[in-house]
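Trainee: I'd love to take a close look at the salt bridges in this model. Could you walk me through them, and tell me how the side chains involved sit relative to the surface?

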Amino acid sequence: MNRVTLAIIAFFGMALILYWQVQSKRGEEEVAIDASLRPDYVADNLRSVEYNELGLVNSRVTATHMEHFEEANMTYFTQPIYLVYPDKGQAQWRLRSSKGTLNKKSGKVILEKDVIIDAISPEEPVQTIKTTYLELDLNTMVMTSDRDIYITGSDFKIKGVGLYADLNAQSVQLTSQVEGIYEAK
């Protein structure tokens with residue numbers, strides 16, 4: 001064998017060793033990332049009830065799919081439906097959306113995409129609230145949003161931007177750009 005042949009073999013051998021090292025490091029990174037992204041709990045067709053300090057029902061949630069990440073204390077829902085029970089103890093509102101997130105530590109629920117809030121009772125003045133994003137604090141029962149809001153009642157329709165609703169006080173406020181249509185019966 002001449003020098004040129006040995007140099008070519010050494011060059012390809014070194015290239016093969018470097019390629020193997022890069023691939024083995026890349027494989028280790030992928031395994032570490034995938035392990036941290038795996039949920040601790042997964043449930044399909046979930047039904048859950050949360051109670052307050054007095055032992056009364058605080059909220060009920062159903063979802064087609066749920067993933068809980070213990071380290072982050074976060075739960076992600078697909079098609080969640082929340083029934084919330086303000087101070088009076090009766091379910092007054094049903095909240096539903098395409099996606100939902102619960103931060104268990106703060107008690108905040110974030111609903112996104114096709115958010116619809118329905119009144120349980122047909123006697124409620126506000127029957128339906130629609131938006132694309134909503135935050136609900138389960139501790140204070142306060143709902144907020146900074147997106148477009150559409151409210152429908154028995155004889156009115158209102159649209160605006162931004163929402164502040166205190167479910168315990170039974171008050172709903174649109175924060176800006178409010179327009180309404182009222183129909184007399």
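Mentor: Happy to, and let's start with Arg 96, whose side chain forms a salt bridge with Asp 118, the closest N and O atoms being 2.8 Å apart. This pair links distant parts of the chain, since Arg 96 belongs to strand E5 and Asp 118 to strand E7, 22 residues apart. Do keep in mind that the model is predicted.

Now stay with Asp 118, which also meets the side chain of Arg 94 in a salt bridge, at 2.9 Å from N to O. Here Asp 118 lies in strand E7 (residues 108-119) and Arg 94 in strand E5 (residues 93-96), so the pair ties together parts that are 24 residues apart in sequence. Put the two contacts together and you get a network of salt bridges linking Arg 94, Arg 96 and Asp 118.

How do these three side chains sit relative to the surface? Asp 118 has a relative accessible area of 10%, so it is buried, given that the cut-off for buried is under 20%. Arg 94 has 32% relative accessibility and therefore counts as partly exposed. Arg 96 is partly exposed too, with a relative accessible area of 30%. In this network, then, a buried Asp 118 is paired with Arg 94 and with Arg 96.

As background, side chains of opposite charge can pair when their charged atoms come close.

The structure holds three salt bridges, and one of them joins Asp 146 and Arg 147, with the closest N and O atoms 3.3 Å apart. Asp 146 has 55% relative accessibility and so counts as exposed, while Arg 147 is partly exposed, with a relative accessible area of 36%. It makes a nice contrast to look at on your screen: Asp 118 is buried, whereas Asp 146 is exposed.

While you have the side chains displayed, have a look at the aromatic rings as well. The count comes to two aromatic pairs. In one of them, the rings of Phe 69 and Tyr 76 have their centres 5.6 Å apart and their planes at 75°, so the pair is edge-to-face; the angle is what decides this, because planes over 60 degrees apart count as edge-to-face. Phe 69 counts as buried at 17% relative accessibility, and Tyr 76 as partly exposed at 37%. The rings of Phe 77 and Tyr 82 are also edge-to-face, with centres 6.2 Å apart and planes at 90°. Both Phe 77 and Tyr 82 are buried.

Technical notes
Residues numbered from 1 in each chain as written. Predicted model: local features only at pLDDT ≥ 70, side-chain atom pairs only at ≥ 80, totals over all residues. Heavy atoms only, no water. Phe/Tyr/Trp six-rings, centres within 6.5 Å; stacked < 30°, edge-to-face > 60°. Buried < 20%, exposed > 50% of the residue type's maximum accessible area, 1.4 Å probe, protein only. Salt bridge = Lys/Arg side-chain N within 4 Å of Asp/Glu carboxyl O. Helix = DSSP H or I, 4+ residues; strand = E, 2+ residues; numbered from the N terminus.
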